[in-house]
Amino acid sequence: VSSPGVSLGEPAANTNPFSSPVPVVAPTNISGGGGSRSELVITWEPVSEELQNGEGFGYVVMFRPLGSTTWTKAVVASVESSKYVYRNESITPLSPFEVKVGVYNNEGEGTLSSISIIYSGEDEPQMAPAGASALSVSAAAVEVSWLPIPWNRHTGRVLGYEVRGW
């Protein structure tokens, strides 16, 4: 005699015909950018363990220059990974790339994220600011001014200036 609500039989088989052994949830928060010249840095939020659907879990990173029809595919075999860096000397600074990040496990490839646009790394500024001048304000202070370096597609945004005096 068994107690009410307690089963003594074998566990029920999975009766959901739509379940899939491959991961079905793509990584989120696909972003990146920055990095050095000739680099494309891609980041994402890792998929939690309960959504990996099995052993051998990893990430599939796909990217292509904006306007290209050919995808480059890379495999990141670490469950904890949240970053991939593609290095290639032919990458032009601040070039836009279309990026998708997907998942896989031992059963195959799963879902890919939607496309995100990510820019390759910037180059260092190739010129000094123009129009530099100095004005003595007092015996202990000098006012230095210059024209800022404008943003351009090759150098990107200038993050700061170095002022030296003697």
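## A tour around strand β2

Begin by selecting Trp44 together with the residues that Trp44 touches beyond four places away in sequence, namely Pro27, Thr28, Asn29, Ile30, Tyr59, Val61, Val76, Ser81, Ser82, Lys83, Tyr84 and Val101. Keep in mind, as you look around, that the model on your screen is a predicted one.

With this group still displayed, colour strand β2, which covers residues 39-45 and includes Trp44. Is Trp44 buried or exposed? Trp44 has a relative accessible area of 5%, and because anything under 20% counts as buried, Trp44 is classed as buried. Next, show Pro27 beside Trp44: the two are 17 residues apart in sequence, and their C-alpha atoms are 6.3 Å apart in space. Then turn to Ser81, whose backbone oxygen lies 3.2 Å from a polar atom in the side chain of Trp44.

Now move along the strand and select Glu39, which also belongs to β2. Glu39 is buried as well, with a relative accessible area of 12%. A polar atom of the Glu39 side chain lies 2.9 Å from the backbone nitrogen of Ser36, and if you leave aside the neighbours within four places in sequence, you will find Glu39 in contact with Gly34, Val85, Tyr86, Arg87, Ile91, Ser120 and Gly121. Looking at β2 as a whole, you can see that the strand is mostly covered, since five of its seven residues are buried.

The next stop is the set of strands that pair with β2. Select strand β1, residues 28-32, which runs antiparallel to β2 and is joined to β2 by three bridges; one residue to highlight here is Thr28, whose bridge partner in β2 is Glu45. Between β1 and β2, which form a hairpin, there are six residues, and in this turn you can pick out Gly33, which has a positive phi of about 90°. How many bridges join β2 to strand β5? There are five, and β5, residues 83-87, likewise runs antiparallel to β2. To see one pairing in detail, select Val41 and then its bridge partner in β5, Val85.

Finally, switch to a surface view and select Leu66, Ile115, Ile117 and Tyr119, which form a nonpolar patch on the surface with about 380 Å² of accessible area together. Within this patch, Tyr119 lies in strand β8, residues 116-119, and at 43% relative accessibility Tyr119 counts as partly exposed.

Definitions and conventions: Residues are numbered from 1 along each chain as its sequence is written. This is a predicted model: local features need pLDDT of at least 70, side-chain atom pairs count only at pLDDT 80 or more; totals for chains, interfaces and linings use all residues. Side-chain values use heavy atoms; hydrogens and water are left out. Helices (H or I, at least four residues) and strands (E, at least two) are DSSP runs, numbered from the N terminus. Buried means under 20% relative accessible area, exposed over 50%, partly exposed in between (1.4 Å probe, protein chains only). Contact means heavy atoms within 4.5 Å. A polar contact is a pair of N or O atoms within 3.5 Å; within protein, one must be able to donate a hydrogen and the other to accept it, and residues adjacent in sequence count only if both atoms are side-chain atoms. Patches are made of residues with over 30% relative accessible area and no salt bridge: like charges are joined within 9 Å, nonpolar side chains (Val, Leu, Ile, Met, Phe, Trp, Tyr) within 5 Å. Accessible areas come from the Shrake-Rupley method with a 1.4 Å probe; for residues, only the protein chains shown count as cover. A salt bridge is a side-chain nitrogen of Lys or Arg within 4 Å of a carboxyl oxygen of Asp or Glu. Two strands pair if DSSP finds at least two bridges between them.
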